[in-house]
Structure formats: structure tokens, C-alpha cells
Amino acid sequence: MTPDLFADQPIEVTTERLSEGAIVLRHFASAQAPDLLSEIEHITTVAPLRHMKTPGGHSMSVAMSCCGCWGWITDAKGYRYQAEDPCSGAPWPIMPPVFASLARSAALAAGYGDFTPNACLINRYEPGAKMGLHQDKNEQDFSQPVVSVSLGLSQVFQFGGLTRSARPKNIPLAHGDVVVWGGPSRLRYHGVLTLKAGAHPLTGACRYNLTFRCAR
Ligand code: MD3
Ligand code: FE
């Protein structure tokens, strides 16, 4: 691993295994964070962050947008991937090369070679926003991992089991942390607790999470 140097502080990447197939790479995205955030800025100018409605009619507290060939959406008809942004009817913005290469190198560092994501979901949490326990199962091939990148304020991630009833472990995710979920952990239940108010030098009052998937 090449530690990137800020003016005087080396950023050390450390790895923690959460369970079989699930690996946290602390600080893995720290050096690229400013570039990732400027790409988020651009993408969300074209495909604005929005509070989508669940099939049950509730508005999600997290604001979402997407880039790549496929975007994840939810509305009255259900949860699915779609090639067009329903707000504009246009294809989702392309996945920036810095997104794709970061996701690929994180997957490789976690033992998953040849990861080529074709969907990236951008989640923005403001104070009070959360995501309840769920499984990511709208993708076609569960042999491909999911890579998540946290930016900005820290938020407590809930790492559950393969059934909804398993008590989740709480794991704080901080700016620059990357998590790779594959193998037997790919279908684990997970969520995030309510974001607390705070201020981050690069994102202000919010947290962004990027999740990279192979949708098809
Ligand atoms: C474990 N996002 O977008 S990232 C999601 O912080 C989502 O925005 C959360 O859950 C967030 O679907 C959590 C961590 C994560 C993402 C995908 C997973 C954990 C996962 C897929 C399988 C198992
Ligand atoms: Fe998820």
C-alpha cells in the first residue's frame, strides 16, 4: 500500500476484517477525497440529489443520485436499477474514472480481482438522516462484491447478519474509510444510524457515501 503524504502527516491505511468476505480499509480513500467530492459536485448538478419514495409511499431521509450505466431507484413501482434518471429521462452521468479506479483498487486490496462496477449510488446524509436495516439484493450477480466509500462526517454503520433478526454490530465509518462486502457477507443486513450534527472541513454538515455495484 502506498501511504499518501499530506504536508507532514502520513495517512496510514489499516485493514480490519469484519466477517468472512467483509473488509474495512481505513483511510483508503483519504488522498482522493477532494477529487471524489468535486466529481460528486458535478454529477449532482446534472442529476440532482433527491429524496426518493419507497414502494410504501415514505420519503427516504437520505438524498440520492447515481452515476454509471445503471442507477438504483425506488418509487411506487418498487426498487430497481434503471439506465435513465427518472427526473430528466436522460442517461445517468458517466462514472468518473477516479471513482471506478478507486473501487477497483479497493476490491483488489480486499481480495476481489477484476471488479468492474457499472453502477454507483451516491447517498447524502444530513443531520437526522438514516437508513434502516436492509439487504442489497437488486443486483444480478451476488458473486460480485459491493464497495462503499465514506466521505465527510462520521456515521455509525450497522453490520447485521443474514437474517433481519440477528443483532447488528455498530461500526463507526469515518471520512476516507472504504468497506468491501463480498463472498458470504454480500447479503448481510446493514444500515446506518441517524447522522448527528457536525462540521467536516470538506463536506460541512453532511456525510456522503458512494456504493459501487455490478448491477447486471
Ligand atoms: C453490506 N448504504 O446504499 S454503506 C446502500 O452508508 C447502503 O450509505 C449505507 O447501505 C450508507 O445500500 C451503507 C455499506 C454497505 C453497502 C452495501 C452493502 C454495506 C453492505 C452490501 C452488502 C453488505
Ligand atoms: Fe445497502
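Is Asp75 buried, exposed or partly exposed? At 22% relative accessibility, Asp75 counts as partly exposed. The answer comes from a predicted model, as do the values below.

## Salt bridges

Ten salt bridges turn up in a search of the whole structure. One of them pairs Asp75 with Arg80, with the closest N and O atoms 2.8 Å apart. Arg80 has 23% relative accessibility and counts as partly exposed, and Asp75, at 22%, is partly exposed as well.

Arg26 and Asp177 form a salt bridge between their side chains, at 2.6 Å from N to O. This pair links distant parts of the chain, 151 residues apart. Arg26 sits in strand 2 (residues 22–26). Asp177 sits in the loop between strand 10 (169–173) and strand 11 (178–181). Arg26 counts as buried at 14% relative accessibility. Asp177 counts as buried at 2%.

## A charged network

Glu139 and Arg213 make another salt bridge, their closest N and O atoms being 3.0 Å apart. Glu139 is in the loop between strand 7 and strand 8. Arg213 is in strand 13 (residues 207–213). The two are 74 residues apart, so the pair links distant parts of the chain.

Glu139 and Arg213 are both buried. Through shared salt-bridge partners, Asp136, Glu139, Arg186 and Arg213 join into one network.

## The iron site

Which residues donate to the iron ion (ligand 2)? The protein donors are His134 (NE2), Asp136 (OD) and His190 (NE2). They lie 2.0 to 2.2 Å from the ion. Their spacing in sequence is H-x1-D-x53-H.

Asp136 lies in the loop between strand 7 (131–134) and strand 8 (146–152), and His190 in strand 12 (residues 190–192). The pair therefore ties together parts that are 54 residues apart in sequence. Asp136 is buried, with a relative accessible area of 10%. His190 also counts as buried, at 17% relative accessibility. Asp136 belongs to the salt-bridge network described above.

## Ligand 1

Ligand 1 is surrounded by 19 residues. The closest are Asn123, Tyr125, Trp181, His190 and Arg207.

Several side chains place polar atoms beside oxygen atoms of this ligand. For His190, a polar side-chain atom is 3.0 Å from a ligand oxygen. For Arg207, the distance is 2.9 Å. For Arg213, a side-chain N or O atom is 3.0 Å from an oxygen atom of ligand 1. His190 is also a donor of the iron ion, and Arg213 is also a member of the salt-bridge network.

## Nonpolar cores

How many residues does the largest nonpolar core have? It has 35 residues. Those with the most contacts inside it are Phe99, Val147, Val149, Leu151, Leu210 and Phe212. Several elements each supply at least two residues, among them strand 2, helix 1 (33–46), strand 3 (63–67), strand 6 (119–125) and strand 13. Helix 2 (97–109) is on that list too. Helix 2 gives the largest share of this core, six residues.

Phe99 shows how these parts meet. Leaving aside neighbours within four places in sequence, Phe99 is in contact with Leu36, Glu39, Ile40, Ile43, Cys67, Cys120, Leu210 and Phe212. A second, separate core has 29 residues, including Met60, Ile73, Met131 and Val146.

Technical notes
Residues are numbered from 1 along each chain as its sequence is written. Chains are lettered from A and ligands numbered from 1 in the order in which they are written. This is a predicted model: local features need pLDDT of at least 70, side-chain atom pairs count only at pLDDT 80 or more; totals for chains, interfaces and linings use all residues. Side-chain values use heavy atoms; hydrogens and water are left out. Donors are N, O and S atoms within 2.8 Å of the metal (3.2 Å for Na, K and Ca); water is not among the atoms, so sites may look incomplete. Helices (H or I, at least four residues) and strands (E, at least two) are DSSP runs, numbered from the N terminus. Buried means under 20% relative accessible area, exposed over 50%, partly exposed in between (1.4 Å probe, protein chains only). A salt bridge is a side-chain nitrogen of Lys or Arg within 4 Å of a carboxyl oxygen of Asp or Glu. A nonpolar core is a set of buried Ala, Val, Leu, Ile, Met, Phe, Trp, Tyr and Cys residues joined through side-chain atoms within 4.5 Å. Contact means heavy atoms within 4.5 Å. A residue is near a molecule or strand if one of its heavy atoms lies within 4 Å of it. A polar contact is a pair of N or O atoms within 3.5 Å; within protein, one must be able to donate a hydrogen and the other to accept it, and residues adjacent in sequence count only if both atoms are side-chain atoms.
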